[in-house]
Amino acid sequence: MRYRYSKENWQKAKNEALSELKRRSKLVKPTIFYSELSVKIKSIEIAPDSQAFADLLGELSKENLVNCKGMISALVVSKFGENKGMPGKGFFSLAEELERC
């Protein structure tokens, strides 16, 4: 289990998020707010400001990098605050960890 989700539902949630991010990547304005992406995930209920959601996005980025693709979670941005329109701090921490920044 990941958090309180079964392995199967966690994978479904990742697939749903990835599908939406791939679809968005083809748009003129590809970014999506954390809150918008979280409601696109139907297989589990996940809060956009939760550690579970951050980990889900982190896993997607790591998996994309294994396939020689970029950190797809870069498309997910903050709606408010000093980081408005930018990925959250966790994105940049992961990028440093993966030596992508």
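What follows is a walk through this structure, from its packed interior to its pocket and its loops. Keep in mind that we're looking at a predicted model.

Let's begin inside. The largest nonpolar core has 20 residues, and the ones that touch the most other members are Leu 21, Leu 37, Ile 41, Ile 46, Leu 56, Leu 57 and Leu 60. Helix H1 (7-25), H2 and H3 are the elements that give two or more residues to this core. Apart from it there's another core, made of five residues, including Leu 65, Met 71, Phe 91 and Leu 94.

A good place to see how helix H1 packs is Ala 17, which sits in that helix. Is Ala 17 buried or exposed? With a relative accessibility of 0%, Ala 17 falls under the 20% cut-off and therefore counts as buried. Setting aside neighbours within four places in sequence, Ala 17 is in contact with Leu 37, Ile 41, Leu 56 and Leu 60. Those four names should ring a bell, since each also turned up among the core residues that touch the most other members. Take Leu 37: 20 residues separate it from Ala 17 along the chain, yet their C-alpha atoms are 6.9 Å apart.

Leu 57 is another core residue worth a stop. Beyond the residues up to four places away in sequence, Leu 57 touches Tyr 34, Leu 37, Ser 73 and Val 76. Leu 57 also brings us to the largest pocket, as one of the residues that lie nearest its centre, together with Tyr 34, Pro 48, Ala 54 and Gly 88.

So what does that pocket look like? The largest pocket has a volume of about 430 Å³, and 23 residues line it. H2, H3 and helix H4 (89-97) each put at least two residues into the lining, with H3 giving the most, six residues. By type, the lining divides into eleven nonpolar, eight polar and four charged residues.

Pro 48, one of the residues nearest the pocket centre, comes from the loop between H2 and H3. Pro 48 counts as partly exposed because its relative accessibility, 33%, falls between the 20% and 50% cut-offs. Leaving out residues up to four places away in sequence, Pro 48 touches Tyr 34, Ser 35, Ser 38 and Phe 53. Pro 48 and Leu 37 are eleven residues apart along the chain, with 7.8 Å between their C-alpha atoms.

Two of the residues that Pro 48 touches, Tyr 34 and Phe 53, deserve a look of their own. The model has four aromatic pairs, and Tyr 34 with Phe 53 is an edge-to-face one, 6.3 Å centre to centre with 75° between the planes. This pair links distant parts of the chain: Tyr 34 is in helix H2 (residues 34-40) and Phe 53 in helix H3 (residues 51-66), 19 residues apart. Both rings belong to buried residues.

Phe 91 and Phe 92 also form an edge-to-face pair, at 5.1 Å centre to centre and 85° between the planes. What is the burial state of each partner? Phe 91 is buried, with a relative accessible area of 15%, whereas Phe 92, at 31%, counts as partly exposed. Elsewhere, Tyr 3, Tyr 5 and Trp 10 make up one aromatic cluster.

Now for a few more loops. Ser 78 lies in the one between strand S2 (76-77) and H4, and its relative accessible area of 15% makes it buried. Not counting residues up to four places away in sequence, Ser 78 touches Phe 33, Tyr 34, Asn 83, Lys 84, Gly 85, Met 86, Pro 87 and Gly 88. Two of these, Tyr 34 and Gly 88, are among the residues nearest the centre of the largest pocket.

Ser 43 is in the loop between H2 and H3 and is partly exposed, with a relative accessible area of 21%. Its contacts, neighbours within four places in sequence aside, are Asn 9, Lys 12, Ala 13 and Glu 16. Ser 43 and Glu 59 are 16 residues apart along the chain, and their C-alpha atoms are separated by 17 Å.

We finish at Lys 29, in the loop between H1 and strand S1 (32-33). At 58% relative accessibility, Lys 29 counts as exposed. Eleven residues separate Lys 29 from Leu 18 in sequence, and their C-alpha atoms are 17 Å apart in space.

Methods. Residues are numbered from 1 along each chain as its sequence is written. This is a predicted model: local features need pLDDT of at least 70, side-chain atom pairs count only at pLDDT 80 or more; totals for chains, interfaces and linings use all residues. Side-chain values use heavy atoms; hydrogens and water are left out. Rings of Phe, Tyr and Trp (its six-membered ring) pair if their centres lie within 6.5 Å; planes under 30 degrees apart count as stacked, over 60 as edge-to-face and the rest as tilted. Helices (H or I, at least four residues) and strands (E, at least two) are DSSP runs, numbered from the N terminus. Buried means under 20% relative accessible area, exposed over 50%, partly exposed in between (1.4 Å probe, protein chains only). On a 1 Å grid over the protein atoms alone, a cavity is a set of points where a 1.4 Å probe fits but cannot get out, and a pocket is an open set with protein on both sides within 12 Å along at least five of seven lines; lining residues have an atom within 4 Å of a point. Grid points are joined across faces, edges and corners, and a volume is the space filled by probe spheres set on the points. Ala, Val, Leu, Ile, Met, Phe, Trp, Tyr, Cys and Pro count as nonpolar, Asp, Glu, Lys and Arg as charged, and the others, Gly among them, as polar. A nonpolar core is a set of buried Ala, Val, Leu, Ile, Met, Phe, Trp, Tyr and Cys residues joined through side-chain atoms within 4.5 Å. Contact means heavy atoms within 4.5 Å.
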